[in-house]
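Visitor: I am new to this structure and would be grateful for a close look at a single part of it, the loops and their backbone. Please set that part within the chain as a whole.

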Amino acid sequence: MTRTDDIPLSRRDFVRAASLAATAVSTGLGLPAAQAQTAPSPAGPPLVGFQAEVPYIIEYGIDRFLDDIQARASVNTLFLFSSPFGPDAQGNFVTAHPQYYSDVGMKAQGLGPQSLNLPDAMAKITAATRRRGMKIYSWMIEDNRPPLKIRGMDRLYEIDLHGRRVGPHPGGPCLNNPYFRNLIAGAVEDSIRSYDVDGLQRGSERQGPLSNALGAWHHGSTSDPGRTSCFCDYCTTKARARGIDIVRVKQGFMALETYVRAGRAGQRPRDGYYVEFWRLLLRHPELLTWQTFWSDSMREMQREFYAQAKAIRPGLPVGFHIWHNTAFNPIFRAEQDYQPYTAYADFLKPVVYDNPAAERMTSYVYSVSQNIYGDLSRQQLLDFEYSVMNFKEDTYDQIINEPRATYEADLRSLGMNDTPKGRFGRFSADYVYRETKRAVDAVAGSKTTICAGVGIDVVVKNSTPESVRGAVEAVFRAGATGLVLSTSHAAMRPENLSAVGSTLRELKLA
Ligand SMILES: [Zn+2]
C-alpha cells in the first residue's frame with residue numbers, strides 16, 4: 001500500500017477543491033461545466049512528484065534539494081532515475097548486487113572504487129525523505145539517451161534493416177532479446193529488494209519501425225530510414241513462428257527506405273506523397289504487420305515488468321511513463337491506447353509538457369512533410385494535426401517565431417533529437433487539459449490513475465509562473481490524481497517551480 005496518511009488533507013476536501021477549481025477555470029476557458037465536473041474521486045491526496053537523478057541530488061546537497069522542492073512545489077514523491085547497474089572506467093558491467101544479473105550477456109561485477117555507490121547514496125536520500133514523509137519511486141528508463149558503454153552490451157541492441165547493430169534512439173535494446181529481458185528482470189528485482197522504494201515507473205521513448213523509418217516523431221527529420229529496426233534473429237524467429245514472412249517484411253522496408261530518401265531529397269512522387277505512401281502500404285501490408293509486431297512486443301515486455309514487480313511485492317505501485325510523441329504522431333497515439341494498460345498499470349504518467357510541445361509539434365510537422373504529408377503546406381499539416389489530435393494552438397509561424405528558412409535549416413543541420421535554439425512559443429493550458437482528460441477518460445472505472453508529467457523549462461526556457469499555474473490547474477481539473485514535475489531541477493527557474501506550490505495551495509491541494 002502507498003502511504004497517504006502523512007499529508008493532512010481529506011479526500012472530501014480534495015474532491016471539493018478540485019470541483020471548485022473546475023468550475024472556476026472552466027468558466028474562464030468557456031468549457032462546458034459538465035465536461036469539467038467529471039473528475040473521478042482519487043483515493044487520497046494528490047501525488048506531487050519530482051523527477052531527478054541520484055548524482056545530481058548528491059552533488060546539489062540532499063537536504064538543500066529537498067528543502068527547495070518541498071518549499072517551492074510541495075513535492076511529496078521523488079521519481080528517482082537510479083540505474084542499479086552501470087559501466088566502470090574499463091567498460092565492465094558493475095552493480096552493487098551482481099546476484100540479480102546472472103544471464104544478461106555481460107559478466108556482472110561488484111562495485112569498484114570508481115563506481116557510484118548507489119546503495120550508499122540511496123540510503124542517504126531515503127533517510128532524508130523518510131524524515132520528511134516523502135516517498136521514492138524508482139524511475140527506470142534506459143533509452144533516448146546514449147547507450148551505456150558496457151562491454152558486451154551491444155549484443156542486447158536491435159539490428160537494422162541492413163543487418164547492422166543500431167546505436168541510440170530511435171533504436172535501442174531489442175524487446176525480444178532474452179538478455180535484455182533478463183536485464184530488466186534483474187533491475188526490477190534489484191530495485192525492489194535492495195532499495196527502499198515505494199513504487200516503480202518504467203519509461204520507453206521508442207516506437208515501431210514504420211514510424212521510425214518515416215522520422216515520425218519530434219526532431220526525427222534526420223533519421224535514417226535504412227537504420228530502422230528490429231531485424232535480429234530473436235525477432236525474426238518469433239515472427240516466423242507467427243507466420244510472418246520476413247522476406248516480404250524486408251522488401252516492404254526497402255521500398256519505404258527509397259520513398260523516404262527521395263522525399264528528403266525533394267523528389268515528389270509522380271502521383272504525390274500521400275498517394276505513393278498508400279501505394280506502399282497496399283503493396284507491402286507487412287509494413288504495418290512489422291510495426292504492430294514491435295509495439296506488441298513492447299506491451300509484452302511492459303506486462304512482464306508489471307508481473308515481475310508484483311510477484312516480488314504485490315502492493316507496490318507500478319506504472320508507465322508515456323512518451324511525448326503521443327501528442328504528435330497519430331500512429332503512435334493509436335498504438336498507445338491507454339485502455340489496455342489498465343490490466344497492468346497502477347498509474348500512467350503521460351507527458352503533457354506545454355512548454356516544449358509547440359516546437360516539438362512544428363518539428364514533427366517538418367519531418368513528416370518530407371514524406372507522407374509532403375503535399376500539404378506546413379500550416380495545412382499543422383491544422384490537420386490540430387484536428388486529428390484535438391488541439392487548438394498557435395500557427396506554425398507564431399510558434400517558431402523566426403523565418404522558416406532559419407528554423408528548418410537548423411532542423412536539418414542538428415543531430416537527431418536535438419532542439420534548435422530560438423524563442424519558441426508554448427502550447428496552452430488547454431492542451432494540458434485535453435491530453436490529461438483523454439488519459440483520465442480512457443482509464444475511467446479501472447484501478448489505473450493518471451499522474452500527468454508537467455514540464456517546466458524543458459529544453460526550451462519558455463515557461464512562466466502563469467503558464468505553470470495554468471498547467472497545474474488543468475491537470476487537476478481534468479481529473480488526474482497527481483503530477484510529476486519534469487524534467488530537470490537545474491533547468492527550472494525558481495519562480496516557475498514556486499508557481500506549482502502557490503497553485504496547489506490555491507486549489508487547496510497542498
Ligand atoms: Zn530484435
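Guide: In what follows, Lys and Arg count as positive and Asp and Glu as negative, while His and the chain ends are not counted. On that basis the protein chain carries 58 positive and 54 negative side chains, and 2 Å separates the centres of the two sets. The model is a predicted one.

The chain as a whole provides the setting. Its secondary structure comprises 19 helices and 11 strands. The radius of gyration is 23 Å, close to the 24 Å that the globule rule gives for 510 residues, so the protein chain is as compact as a globular protein of that length. Measured out along the principal axes, the C-alpha trace spans about 65 × 60 × 40 Å. Of the 510 residues, 57% count as buried. The surface that the protein chain exposes amounts to about 20,100 Å², with carbon and sulfur atoms supplying 52% of it. Where contacts join residues at least 6 apart in sequence, 79% of them link residues at least 24 apart.

The loops may now be taken in turn, beginning with the peptide bonds. Most residues other than glycine have a negative phi, and most peptide bonds are trans. The bond from His169 to Pro170 is cis, with omega near 10 degrees. Pro170 belongs to the loop that runs between strand S6 (135-141) and helix H6 (178-194). A further cis peptide bond leads from Ser229 to Cys230, with omega near 25 degrees. Cys230 is situated in the loop between helix H7 (209-214) and helix H8 (233-241).

Two loop residues are notable for their phi angles. Asn390, a residue other than glycine, has a positive phi, near 65 degrees. Asn390 occupies the loop between helix H14 (378-389) and helix H15 (396-400). Because its relative accessibility is 45%, Asn390 counts as partly exposed. Val459 also has a positive phi, near 60 degrees, and is likewise not a glycine. The loop that holds Val459 connects strand S10 (449-455) with helix H18 (465-477). Val459 has a relative accessibility of 56%, and therefore counts as exposed, the cut-off being over 50%.

Thr342 offers a loop position of another kind. This residue is placed in the loop between helix H12 (330-335) and strand S9 (347-350). At 14% relative accessibility, Thr342 counts as buried, because the cut-off is under 20%. Leaving aside neighbours within four places in sequence, Thr342 is in contact with Val443, Ser446, Lys447 and Thr448. From Thr342 to His321 there are 21 residues along the chain, and their C-alpha atoms are separated by 14 Å.

Strand S6, which precedes the loop of Pro170, also merits attention. Tyr137 lies in this strand. With a relative accessibility of 4%, Tyr137 counts as buried. Tyr137 and Val197 stand 60 residues apart in sequence, yet their C-alpha atoms are 5.7 Å apart in space.

The cysteines complete the account. The structure contains zero disulfides. Cys235 counts as buried at 4% relative accessibility, and Cys451 counts as buried at 2%.

Definitions and conventions. Residues are numbered from 1 along each chain as its sequence is written. This is a predicted model: local features need pLDDT of at least 70, side-chain atom pairs count only at pLDDT 80 or more; totals for chains, interfaces and linings use all residues. Side-chain values use heavy atoms; hydrogens and water are left out. A disulfide is a pair of cysteine sulfur atoms within 2.5 Å. Buried means under 20% relative accessible area, exposed over 50%, partly exposed in between (1.4 Å probe, protein chains only). Helices (H or I, at least four residues) and strands (E, at least two) are DSSP runs, numbered from the N terminus. The radius of gyration is taken over C-alpha atoms; the globule rule is 2.2 Å times the number of residues to the power 0.38. Contact means heavy atoms within 4.5 Å. Accessible areas come from the Shrake-Rupley method with a 1.4 Å probe; for residues, only the protein chains shown count as cover. The place of a charge is taken as NZ of Lys, CZ of Arg, CG of Asp or CD of Glu.
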